[in-house]
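Student: I'd love a close look at one part of this protein, with its surroundings filled in afterwards. Could you take me through it step by step?

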Amino acid sequence: FPLGEKDPKILARKAVLDDEVYRVRLGGEPVRVLGIVARQANADRHVHAIETNNSSVELAIDPGYAGAYSILALQYYEGQIHIIDEIYEQFRTTEEMIEEAKLRPWWHLVDVKQPGTIDRAAKQHHAQDSVHEKWLEHTEFWLDLSNAVIPVDDGIDQLNMHLRTDRIIVHPKCRGILAEWDLANFPDEMQNFTPWQYKKNSSGDLRGDKAVEGADHSTTALIYWLVQRFGFVTPDTLDYTPGEIMYSEYGPDYATVA
């Protein structure tokens, strides 16, 4: 097609094809997994090589072992949520993950008074200090624990509403969370991982019962951080025009965008 996208044959197909089908079949864009949970995530909008600035860094942490142990480093800067770095490892202890985090160039920017959020399960004891207590012992960071259990469906809704505002920017080196959103490949040693997605039946169709499967470690850490930082946002109060995410008139348990 010598005229590229302006070729009459291309334009004729564009006129009748669904936009996504056109971009995949004729634009050569990769096909995303059917039923991906982070449905509002888009590489063009959300993935950029952002630079770390001198703003304070907050951590979003989802402890794991056989599954991934995830630490996200975030900066809330000029109304945007910048995910500047990620540590995404299997078979690593909390102490090992902390030591790795301390080597990162942003570590000195973590605010002791507001260091971030960790999955509420981190307070559990298994015949030893809890993960939450280990973070306090080795860093002097008192990480926030979620005030309540966040149902999976509610957490997914929170994630997608924030993604729709285009305020979440992820550095491309954060391969764990991007792979969970089906926007990158998992690290080589985690090729048995699959993106976070809704389950399908034996015919390959979405089951429709909201059951999910796949890796969700960094995404879960981000969801807990979003809810702890901004409260729950609701579709009827969220304004998608550019502006600042802030608490709304509905009180501290809700957030909106002005």
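Student: Please start with strand 1 (residues 58–62): how many of its residues are buried, and why is it described as enclosed or open?

Tutor: Happy to. Please keep in mind that this is a predicted model.

Strand 1 covers residues 58–62, and five of the five are buried, so the rest of the structure largely encloses it. The burial applies to both faces: Glu58, Ala60 and Asp62 are buried on one side, and Leu59 and Ile61 are buried on the other.

Next, its partners. Strand 1 pairs with strand 2 (residues 69–77) in the antiparallel sense, over five bridges. Within that pairing, Ile61 stands opposite Ile71 of strand 2. The two strands form a hairpin, with six residues between them. Strand 1 also has a parallel partner, strand 4 (residues 116–118), to which three bridges join it. Here Leu59 is the residue that stands opposite Gly116.

From strand 4 we can step to Asp119, which sits in the loop between strand 4 and helix 5 (131–139). Asp119 has a relative accessibility of 14%, so it counts as buried. Leaving out residues up to four places away in sequence, Asp119 touches Ile61, Asp62, Pro63, Leu145, Thr220 and Tyr224. Two of these names are familiar from strand 1: Ile61 and Asp62 lie on its opposite sides.

Now for the nonpolar cores. The largest has 26 residues, and Ile83, Ile168, Ile177, Trp181 and Leu222 are those with the most contacts inside it. Strand 2, the hairpin partner of strand 1, is among the elements that each supply at least two residues of this core; the others are strand 3 (80–89), helix 6 (152–164), strand 6 (168–170), helix 7 (175–180) and helix 8 (217–230). Helix 8 gives the largest share, six residues. Take Ile177 as an example: beyond its neighbours within four places in sequence, Ile177 is in contact with Leu72, Ile83, Glu86, Val170, Ser218, Thr219 and Leu222. Apart from this core lies another, of 22 residues, and this is where strand 1 comes back in: Ile61 is among its members, as are Val57, Ile84 and Trp107.

Charged side chains add another layer. A search of the whole structure finds nine salt bridges. In one of them, the side chains of Arg104 and Asp85 meet at 2.8 Å, N to O. This pair links distant parts of the chain, with Arg104 in the loop between helix 4 (94–102) and strand 4, and Asp85 in strand 3, 19 residues apart. Asp85 has a relative accessibility of 5%, so it counts as buried. Asp85 and Arg104 also belong to a network of salt bridges that includes Glu100.

Helix 4 appears again in the salt bridge between Lys134 and Glu95, where the side chains meet at 3.9 Å, N to O. This pair, too, links distant parts of the chain: Lys134 is in helix 5 and Glu95 in helix 4, 39 residues apart. Lys134 is buried, with a relative accessible area of 13%, whereas Glu95 is partly exposed at 28%. A further salt bridge brings together the side chains of Arg92 and Glu96, at 3.7 Å, N to O. Arg92 is partly exposed, with a relative accessible area of 21%, and Glu96 also counts as partly exposed, at 37% relative accessibility.

One more residue is worth a look, this time in helix 6: Asp153. Asp153 is partly exposed, with a relative accessible area of 29%. Its C-alpha atom is separated by 9.8 Å from that of Val37, although the two residues are 116 residues apart along the chain.

Finally, let's put strand 1 in the setting of the whole chain. The protein chain contains eight helices and eleven strands. Of its 258 residues, 45% count as buried. Among contacts with a separation of 6 or more, 60% are between residues 24 or more positions apart. The accessible surface comes to about 13,700 Å², and carbon and sulfur atoms account for 50% of that.

To return to your starting point: strand 1 is largely enclosed by the rest of the structure, because five of its five residues are buried. Strand 1 has strand 2 as its antiparallel partner and strand 4 as its parallel one.

Methods: Residues are numbered from 1 along each chain as its sequence is written. This is a predicted model: local features need pLDDT of at least 70, side-chain atom pairs count only at pLDDT 80 or more; totals for chains, interfaces and linings use all residues. Side-chain values use heavy atoms; hydrogens and water are left out. Helices (H or I, at least four residues) and strands (E, at least two) are DSSP runs, numbered from the N terminus. Buried means under 20% relative accessible area, exposed over 50%, partly exposed in between (1.4 Å probe, protein chains only). Contact means heavy atoms within 4.5 Å. Accessible areas come from the Shrake-Rupley method with a 1.4 Å probe; for residues, only the protein chains shown count as cover. Two strands pair if DSSP finds at least two bridges between them. A nonpolar core is a set of buried Ala, Val, Leu, Ile, Met, Phe, Trp, Tyr and Cys residues joined through side-chain atoms within 4.5 Å. A salt bridge is a side-chain nitrogen of Lys or Arg within 4 Å of a carboxyl oxygen of Asp or Glu.
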